[in-house]
Amino acid sequence: MRNYRPGFVIATVILFLVTSVLLSRLWYLQVIRGREFEKSSRINHITVLRFPAPRGRILDRKGREIVSNRKSFDVYVNIEHVRDLGGLAAELAAITGMEPVEIEATVQNVRGRGRFKPVLITKDISRDQLALIEPRRSTTLRGVEIKVNHLRRYPYGPLGAQVLGYLGRVTGRELEADPKLRSNDLVGKAGVEKAFEKFLKGVEGFVQKPIDVLGRQVTGSPFTEDLRRLPSTPGYDLVLSIDLDLQREAAAALGDRPGAVVVMKVKTAEVLALVSSPTYNPQDFVTGIDPKKWRSLVTDKSHPLFNRTTQGLYAPGSVFKIVTAAAALEEGIVKPDTMHFCPGYHIIGSSVFMCWKRSGHGWVDIREALVQSCDVFFYKVAERLGIDRLSVYIREFGFGSPTGIGIAEKQGIAPSRQWKMSAKKRPWFRGDTIVSAIGQGYVSATPLQVAMMTVAVANGGRVMKPRLVNKIVDRRGEVIVEYKNRVLRSLSVSKDTLELIRASLEGVVNDSRGTGRAARLDEVVVAGKTGTSQVVSNSVKKKLPEYRDHAWFTSFAPSGDPEISVTVLVEHGGTGGAVAGPVAGRVIEYYFRMKRVAKRDSR
Amino acid sequence: MIAVDRRFLRNFDWFFFALVIAVCLLGLQNLYSASVQTGLFTFKRQVVWFVLGAFASFSVSLIDYRVLERYAHHLYVLCMFFLLAVLFVGKEVAGSTSWISIGGAVSIQPSEFAKIAVVLALARFYNSDYEGGPYSLAELIKPMAAVGVPVGLILLQPDLGTSLMVLLISATIVLFMGVRIKSLLLLAVLIAGLCYPTWNYLLKDYQRERIMTFLDPSRDPLGAGYNAIQSKVAVGSGGLLGKGFMQGSQTQLRFIPEQQTDFAFSVIAEEWGFIGAAFTVVLYFLLILWSLDAASRARDKFSGVVCIGVAAMFFWHTVVNVGMVTGLLPVAGVPLLLFSYGGSSFLSAMIAVGLVLGVKVNRFRASGDTIEHA
């Protein structure tokens, strides 16, 4: 390696230079600034105090707070400063109503590794308890620390709980996905709290505090060079499309019957109310839910946590005749004046399909068939139409695919030959087409999907994307995101067909023989369709409540120039017209009364 | 091939060996102080590693480097296999999958040994080339590939610090052995040109974030930046003479999270002051200088390159680690060799020491059957 001499010279020079740089740096830090650092090490160890960001609020369309935050005072114990743990535990237990043993165990459990860190004893103590603790922190309760956190507050209690969702402790998988999360963080677990988590969350703040060797905080430190602070940034506020008044009215109209109400603005597909019953109290989740309560919510047969509007799948029943009617008219199977005779039953091969009206409807055209909800008419139509043509329209109306509302939803089943082959491994039978035509059999849909179908009809054939959130704003009201109306597609259904269906639906509510007369209003013309979907076949006794039919009613108003659409489902409610119709009527009536009041007030 | 005779003992570089042992003992007393609060667990383990390491170093020095040269590629392939394996069966610690667990009690970090394998592979490449440098880029494709594979595999763990070390050590060797000026310029342009698309298209957001934090720790003041701040206070507060053995408040109160591993140097700086810290730096300086000296006396290119590689390894580890601890350089997960706690890094450093010792010892064998190039 002798011929590499210049290389060795250069390498040695570099080594010398770099070593001198390191030595000079040590000299600078230790000798020149040594005294200063020495002082700072004595009184200037740094501790980082984090303060959580208040989560964004959830507001209704008029800016009213549906979910806001309140301060919570959490009790911690820092073992370093505790002289007599037994005494402290006894005193703290007397104030908080806990067991002294429990407090002692909590503190001692973490003694090994994180013993410099305060240990959480209990969350969200009352102001009275706080008033008892605070003055004693410098005497008998030395080592007790109070930290302020933000908790969710629900001024309207259970109203709209399934839409809002709730918070829960972050899971391992969520932690992995987002490195900024910490193991005790609360994150949205359902509803918009989950869907808009990243906007609602905010950014945690921190301050680096000098502390002395014993961990006591130092004030007026001379060494603050490297101290940093970052205020927390509150999360963004969500402005929902929900109207609180309407939501409350819709919930009241449904009462305590299990079911769902979807109220939409027709032109924009904004969701004005989304009611799922029974509901639960999100307040129970605020400090992390008690396991016993959680179990009872999850195992409750009526599934209160479940959002029936988007996650409940039901046979749509006769409201589905809207789709069949559109398909039949568009495909030329029936003309507006085509008549069919309903004797009360229809025979195909060896099967008998009954009409709901056993005595039969006699001769009916398509308008009358919708108005009186004649099953036989649609059986006959379906026989000629066939499933292949029908299923195209089913999908076009939005069945079998998610609506895109943004919160958790089910997509339901839009039956077709291929679907049955792949899902059931069996060929499609003619009888399947017959029952599909009246929304029974394999068809299943969420109340929201039925609402979207109704909106499409009311909107001149435009299938829209439902919108639950109008905009996202920051604390100063600056708009961060604004959601616009979105037309997904136009139905391949002619104006004439839509007009005929609209007129028929108007008849459902307003004709003397209409099945939806219970929803009739004097002040506004309502159009709608009833549905009574079977849970089990006719042969089973219908007396048992869990076998009773689901009651549907889907509607829009005013019929001539639709503004809102209301879809109601009452689980095991009985007949759609009698049970679900009045609920929709009450909501529509309330909407127009509210509108008149607003108009009068603005004058 | 391994034979201890009088010539061996006469040629054995006792000074170099003593230097290394001195650094190790300094490191051990340091670790004792840094782990006394946590029950000396790491100290006890490191004592075992020290004994194993000293033995390994001694054994390696006995190996005839012609054997090493013959098996350099085998060792390289074996190392690459382990680097690959660690990605699948490795255990994750602090976000990086760098360790292979052996029976639960001991974990090895293959990337530490990869440094030596790469040095040996490069040494063999240069030794088998009779024309000598300076080299053009085309001629350097083979060694560049040999370096690129482990660097890439270690980046996948991801362990930015160790892959940077492999890159720096290799680059030092390649530069030392000569690269044509034109090629060097071309390479510089190429690297600069590749940076843009890599940064903008290839890297994912979190990777970009990680690199930015690496370059500017204040982006993450609670993580990497926190260590940097605490480390500076610890080093500075040591003053000229230090606070005394086991008397460093920053150390004893465990204000520096990685004081046993990457930030071990801050402990000696705090407890033994400038005197202790400077003494340690000077020991490393002598260690590197001796390795360079061994390289310059080497009779063939293989052993020469090996010694340069070992010198580069100690040089870069010392510079990057001490630079980090004293706040001159960004925080990178690079241990101070022989000083920081960790079996794999310690063992690989001792093997490296053994290689340099071996070159000196083996000189008597070289005469006669190696060709000296003029």
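**A walk through chain A and its contact with chain B**

Among contacts in chain A between residues at least 6 apart in sequence, 72% join residues at least 24 apart. The model is a predicted one, and in it the secondary structure of chain A comes to 20 helices and 23 strands. Of the 603 residues in chain A, 44% are buried, where a residue counts as buried if 20 or more other C-beta atoms lie within 10 Å of its own.

A convenient place to begin is helix H13 of chain A, which spans residues 321-330 and is mostly covered, with nine of its ten residues buried. The buried residues of H13(A) are A:Lys321, A:Ile322, A:Val323, A:Thr324, A:Ala325, A:Ala326, A:Ala327, A:Ala328 and A:Leu329, a list that includes the charged residue A:Lys321. What covers these residues includes, from chain A, the helices H14 (366-371), H15 (375-396), H17 (430-437), H18 (447-458) and H19 (495-510), together with strand S21 (527-533). After H13(A) comes A:Gly332, whose phi is positive, near 75°.

In soluble globular proteins, nonpolar side chains tend to be buried together. Here the largest nonpolar core has 127 residues, and those with the most contacts inside it are A:Val261 and A:Val263. The largest share of this core, eleven residues, comes from H15(A), which is also among the elements that cover the buried residues of H13(A). This core draws at least three residues from each of two domains of chain A, namely domain 1 (48-240) and domain 2 (307-464 + 477-602).

Which residues does A:Val263 touch, not counting those up to four places away in sequence? They are A:Leu246, A:Ala250, A:Leu272, A:Ala273, A:Ile564, A:Val566 and A:Val587. Apart from the largest core lies another, of 108 residues, and among its members are A:Tyr4, B:Cys79, B:Ile173 and B:Leu347, so that residues of both chain A and chain B belong to a set joined through C-beta atoms within 7 Å.

The last stop is the contact between the chains, where 32 residues of chain A are in contact with 39 residues of chain B. On the side of chain A that touches chain B, the elements that give two or more residues are helix H1 (5-32), helix H2 (34-43) and strand S1 (45-51) of chain A. Of these, H1(A) gives the most, with 15 residues. By residue type, the side of chain A that touches chain B divides into 16 nonpolar, ten polar and six charged residues.

Conventions. Residues are numbered from 1 along each chain as its sequence is written. Chains are lettered from A and ligands numbered from 1 in the order in which they are written. This is a predicted model: local features need pLDDT of at least 70, side-chain atom pairs count only at pLDDT 80 or more; totals for chains, interfaces and linings use all residues. Two residues are in contact if their C-beta atoms, placed from the backbone, lie within 7 Å. Helices (H or I, at least four residues) and strands (E, at least two) are DSSP runs, numbered from the N terminus. A residue is buried if 20 or more other C-beta atoms lie within 10 Å of its own, exposed if 12 or fewer, and partly exposed in between; C-beta atoms are placed from the backbone. Domain bounds come from an automatic or database domain assignment.
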